[in-house]
Amino acid sequence: MNIVSYPSPNFNERLPEAGGKPDMIILHHTNMASAELALERLTDPASEVSCHYLIHKDGTIYHLVQEKERAWHAGRVSHWKNREKINSYSIGIEIDSLGDIFTKPQMESLVALIQDIRTRYEIPNTHILGHSDIAPDRKDDPSEHFDWEYLGEKGIGCMPDHVPLLDQIPPTLEIQKILQTIGYAIQLTGLLDDQTINVIKAFQRHFRRTKVDGVVDLETAGRMVRIKELF
Ligand SMILES: [Zn+2]
């Protein structure tokens, strides 16, 4: 693993209620034209953003913030299960990409980095998530081109191992309850409102990448049911 130290001033202490050490990993893509521009922004005090690691297209890993500190990658509003302010709980990894391509060296470095982080902290597979999972109203990274299945083959993250065949698509309220049980922040309105469509899209972006349209079909619903069991 080729790790380059590239310190960012943009960090502070993890909240004490988060237990002082990370047990989640949040993945991002930078959505910037180059790693160099992203590094400039992630180390600029005026930007007030950072991450623990950035992975260049060539596979080089830049280390910006110490793991024990809280980096500022997840945004002020982020939720998962009963948690908010996910920065306090997580290690943030940015992948240098516009969301179109994630290179092989990048994916290999990502796997090695996560395996290495896991020698220091207990991070369950259900706690390896995308930014869009924890902030579905605002964020769509990493994009549907990010290969979660590849991570799954390496024992990282949680993907549906099989998909139950449902007779019918559950009503919207039931879908909302399933998504809430998985961990998504969603109001149980029974309506196909904007927040619900955004969460359905976030689910699909991670667990059904070939259909990210906010519309629940039988396959998407089956995957939701299975992921609910796994989470
Ligand atoms: Zn992000």
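**Exercise 1. Find how many residues of domain 1 and domain 2 are in contact, and describe the domain 1 side.**

*Solution.* Start with the contact itself: in this predicted model, eleven residues of domain 1 touch eleven residues of domain 2. A contact here asks for C-beta atoms within 7 Å.

Next, place the two partners on the chain. The domain assignment puts domain 1 at 3-153 and domain 2 at 172-230. Taken over C-alpha atoms, their centres are 23 Å apart.

Then look at which elements take part. On the side of domain 1 that touches domain 2, β7 (79-80) and α3 (131-134) each contribute at least two residues. Sorted by class, that side holds five charged, three polar and three nonpolar residues.

**Exercise 2. Work out whether strand β3 (residues 24-29) is largely enclosed or not.**

*Solution.* Begin with the burial cut-off: a buried residue has 20 or more other C-beta atoms within 10 Å of its own. Six of the six residues of β3 are buried, so the strand is largely enclosed by the rest of the structure.

Now check the faces one at a time. In a regular strand, side chains alternate between the two faces of the sheet. One side of β3 carries Met24, Ile26 and His28, and the other carries Ile25, Leu27 and His29; all are buried, leaving both faces covered.

**Exercise 3. Name the strands that pair with β3, β9 and β10, and give a bridge partner in each.**

*Solution.* Take β9 (residues 90-95) to begin: β9 runs parallel to β3 and is joined to it by six bridges. Within β9, Ile91 is the bridge partner of Ile25.

Continue with β10 (residues 128-130), which pairs with β3 in the parallel sense over three bridges. Here Leu27 has Gly130 as its bridge partner.

Methods
Residues are numbered from 1 along each chain as its sequence is written. This is a predicted model: local features need pLDDT of at least 70, side-chain atom pairs count only at pLDDT 80 or more; totals for chains, interfaces and linings use all residues. Domain bounds come from an automatic or database domain assignment. Two residues are in contact if their C-beta atoms, placed from the backbone, lie within 7 Å. Helices (H or I, at least four residues) and strands (E, at least two) are DSSP runs, numbered from the N terminus. Ala, Val, Leu, Ile, Met, Phe, Trp, Tyr, Cys and Pro count as nonpolar, Asp, Glu, Lys and Arg as charged, and the others, Gly among them, as polar. A residue is buried if 20 or more other C-beta atoms lie within 10 Å of its own, exposed if 12 or fewer, and partly exposed in between; C-beta atoms are placed from the backbone. Two strands pair if DSSP finds at least two bridges between them.
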